[in-house]
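Ready for a short walk through this model? Open your viewer, keep the selection box handy and follow along.

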Amino acid sequence: MDKNTFVARISTLNIPYTENEFKDTKATPNPDPPYICYLWFEEDKGPDFHPKMLVDVEGVLELYVHFNSSVESRDTSLEEKVEKVVLYDMPCVKEVATISEENLVQISYEFNFREKR
């Protein structure tokens, strides 16, 4: 999968998203959750005569959502949708962390794979 396909999948979720981080300014304040931040890094690999034949991809998709009383009782429908629509064919490791002072949950999906192009 290339980055354009990845971003196109994220855009179908109809929630704010950005690469790396949102830039909090007066003109464009940070969005309210839910939102997604992602990191994407590619490195070309392959033999000398086809240096872009293989691509190593590393990245993270971070979904931020609110929680009310406890992390365990959060609504998981959006993270299930992310897994179904965006990450369904990508091997990844899922981690859940809380940001207690903001009543947020960060659902992080780390992925890395090698792709032939």
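Start by selecting Arg114, which counts as exposed at 51% relative accessibility. Keep in mind throughout that this model is predicted. Now add Asp56 to the selection: the two residues form a salt bridge, with their closest N and O atoms 2.7 Å apart. This pair links distant parts of the chain, since Arg114 sits in strand 5 (residues 104-116) and Asp56 in strand 3 (residues 54-66), 58 residues apart.

Next, select Glu79 and Lys94. Here the closest N and O atoms of the salt bridge are 2.8 Å apart. Glu79 belongs to helix 2 (residues 77-85) and Lys94 to strand 4 (residues 92-99), so the bridge ties together parts 15 residues apart in sequence. Is Glu79 buried or exposed? Glu79 is buried, with a relative accessible area of 3%, while Lys94 is partly exposed at 38%. Add Glu83 as well: salt bridges with shared partners join Glu79, Glu83 and Lys94 into one network.

For another pair, go to Glu21 and Lys23, whose side chains meet in a salt bridge (3.3 Å, N to O). Glu21 is partly exposed at 47% relative accessible area, and Lys23 counts as exposed at 56%. Across the whole structure, a search finds six salt bridges.

Now move to Thr18 in strand 1 (residues 17-19). Thr18 is buried, with a relative accessible area of 17%. Beyond its neighbours up to four places away in sequence, Thr18 touches Ile36, Cys37 and Tyr38.

Finish at Asp2, in the segment before helix 1 (3-11). Leaving aside neighbours within four places in sequence, Asp2 is in contact with Trp40, Glu42, Glu115 and Arg117.

Methods:
Residues are numbered from 1 along each chain as its sequence is written. This is a predicted model: local features need pLDDT of at least 70, side-chain atom pairs count only at pLDDT 80 or more; totals for chains, interfaces and linings use all residues. Side-chain values use heavy atoms; hydrogens and water are left out. Helices (H or I, at least four residues) and strands (E, at least two) are DSSP runs, numbered from the N terminus. Contact means heavy atoms within 4.5 Å. Buried means under 20% relative accessible area, exposed over 50%, partly exposed in between (1.4 Å probe, protein chains only). A salt bridge is a side-chain nitrogen of Lys or Arg within 4 Å of a carboxyl oxygen of Asp or Glu.
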